[in-house]
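Take a walk through this structure, side chain by side chain. The route runs from rings to sulfurs to charges.

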Amino acid sequence: MTRLDRSVAERFAAMTLGHVGREYPNALSHVLNGPEDARTPSDLHPIFYGSFDWHSCVHGWWQLLRLIRLYPDLEAAPAIRARADAMFVPDKVAGELAYLERPGAAGFERPYGWAWMLALHDEASRHDASWAATLEPLALFFARRFADFLPRLTYPLRVGTHFNSGFALTLAWDWAGERDSALRHEIATVARDWFGKDRDCQAWEPGGDEFLSPALCEAMLISRVLDAASFRSWFDAFLPHVGAGEPASLFTPAIVSDRTDGKIAHLDGLNLTRAWCWRVIAAKLGPSHPVAARAEATAAAHLAVSLPHLGDDYMGEHWLATFALLALEAA
């Protein structure tokens with residue numbers, strides 16, 4: 001399966017609806033300023049307390065809203081809409097904002113969760129419901145944090161985990177659109193400054209716990225901020241040997257040796273993310289580019305390795321379907 005269809009959407013929706021409200025197990029990222037801060041996840045986060053961690057709950061909701069927009073008559077759609085109506089309400093949003101404004105929370109979920117919150121708001125805005133208006137204060141809060149942080153971030157983070165700059169700024173760029181021209185300008189500026197002169201990428205990846213491709217996430221961001229001709233010139237210098245399948249690491253699916261280990265299970269996410277990135281990049285390069293056909297074959301190979309295992313263990317189940325949706329929808 002390399003394309004999204006209704007049966008896959010049904011599977012993803014049922015899986016994710018089952019964990020966005022599942023509070024435990026829970027991996028809190030939480031600074032305690034005193035004993036009074038020792039509280040349960042749902043106490044701290046009135047909306048995003050499920051899915052093992054805050055960011056997975058946020059992008060789980062993005063996935064659910066995306067699926068019912070693409071397939072409005074999904075079996076799970078009424079339950080998804082009812083739960084969204086119950087969760088995306090002003091008092092719960094106020095509770096989430098109160099957490100973000102507390103001492104010690106300035107770096108909370110930076111930048112991965114920030115970007116996913118913007119993506120969730122963007123998706124919510126495409127629905128005929130009150131969800132986007134209700135979530136807007138959270139989106140604007142994180143947009144301001146991006147605007148404050150980016151001028152201070154002298155160097156990009158090229159890691160393959162949550163701190164990756166290219167991935168987060170791709171989502172933030174898409175949200176900014178017509179909403180925030182200043183943020184778009186800042187993203188374009190830092191992207192060019194950080195990555196514009198990169199040449200002959202060696203793609204020393206993956207690391208043992210990575211779920212993002214540093215090389216391809218960088219390229220995907222640049223594909224957003226440059227026009228097609230400029231991007232092709234940049235890409236041909238950045239990865240000059242992709243037509244010959246080099247670096248081989250970018251075309252070879254990662255081996256996932258233990259899906260019960262949360263860090264090793266990240267490698268399933270890497271396979272799904274690479275499939276998404278290759279499809280997006282190839283579309284921007286155009287069908288005549290030497291990598292175009294290879295990119296689609298590579299995406300299919302990566303999907304074949306990891307798509308059957310999304311629900312093997314909760315360490316993957318609580319988040320992998322989001323990245324599978326990105327890859328399948330990009331086809």
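Start with burial: a residue is buried under 20% relative accessible area, exposed over 50%, and partly exposed in between (1.4 Å probe, protein chains only). The model is predicted, so local features need pLDDT of at least 70 and side-chain atom pairs count only at pLDDT 80 or more, while totals for chains, interfaces and linings use all residues. Residues are numbered from 1 along each chain as its sequence is written, and side-chain values use heavy atoms, with hydrogens and water left out.

Now the rings. Rings of Phe, Tyr and Trp (its six-membered ring) pair if their centres lie within 6.5 Å; planes under 30 degrees apart are stacked, over 60 edge-to-face, and the rest tilted. The whole structure holds 24 aromatic pairs. One of them joins Phe 167 and Trp 276. Their centres are 6.0 Å apart, and the planes meet at 75°, which is edge-to-face. Where do the two partners of this pair sit in the chain? Phe 167 belongs to helix α8 (residues 165-176), and Trp 276 to helix α12 (residues 266-285). The pair links distant parts of the chain, 109 residues apart. Helices here are DSSP runs (H or I, at least four residues), as are strands (E, at least two), and they are numbered from the N terminus. Phe 167 is buried, at 1% relative accessible area. Trp 276 is buried too, at 6%.

Trp 234 and Phe 238 make a stacked pair. Here the centres lie 4.5 Å apart, with 20° between the planes. Both residues sit in helix α11 (residues 228-238). They are four residues apart, about one turn of the helix. Trp 234 is buried at 6% relative accessibility, and Phe 238 is buried at 2%.

Rings also gather in a group. Phe 48, Trp 54, Tyr 99, Phe 108, Trp 114, Phe 141, Phe 142, Phe 146 and Phe 149 form one aromatic cluster.

Some rings have a charge over the face. The rule asks for NZ of Lys or CZ of Arg within 6 Å of the ring centre and within 35 degrees of the ring normal. Arg 22 sits over Tyr 314, 3.9 Å from the ring centre. Arg 294 sits over Phe 251, at 5.9 Å.

Next, the sulfurs. A disulfide is a covalent bond between the sulfur atoms of two cysteines. The test used here is a pair of cysteine sulfur atoms within 2.5 Å. How many disulfides does this rule give? The count is zero. Look at Cys 277: its sulfur is 4.3 Å from the closest cysteine sulfur, in Cys 217, and so too far for a bond. Cys 277 is buried, with 0% relative accessibility. Cys 57 is also buried at 0%.

Turn to the surface. Leu 157, Val 159 and Phe 163 form a nonpolar patch there. Together they have about 230 Å² of accessible area, computed by the Shrake-Rupley method with a 1.4 Å probe, where only the protein chains shown count as cover for residues. Patches take residues with over 30% relative accessible area and no salt bridge; like charges are joined within 9 Å, and nonpolar side chains (Val, Leu, Ile, Met, Phe, Trp, Tyr) within 5 Å. Leu 157 lies in the loop between α7 (131-149) and α8. Leu 157 is partly exposed, at 30% relative accessibility.

Last come the salt bridges, each a side-chain nitrogen of Lys or Arg within 4 Å of a carboxyl oxygen of Asp or Glu. The count is 17. Asp 122 bonds to Arg 126 in one salt bridge, with the closest N and O atoms 3.0 Å apart. Asp 122 is buried at 11% relative accessibility, whereas Arg 126 is partly exposed at 46%. Asp 122 also meets Arg 179 in a salt bridge, at 2.9 Å from N to O. That pair links distant parts of the chain: Arg 179 is in the loop between α8 and α9 (181-195), Asp 122 in helix α6 (residues 112-124), 57 residues apart. Arg 179 is partly exposed, at 38%.

Asp 174 and Arg 224 form a salt bridge at 2.8 Å between the closest N and O atoms. Asp 174 lies in helix α8 and Arg 224 in helix α10 (residues 214-225), 50 residues apart. Asp 174 is partly exposed at 31%, and Arg 224 is partly exposed at 22%. Finally, Arg 66, Arg 69, Glu 123 and Glu 329 are joined into one network by salt bridges that share partners.
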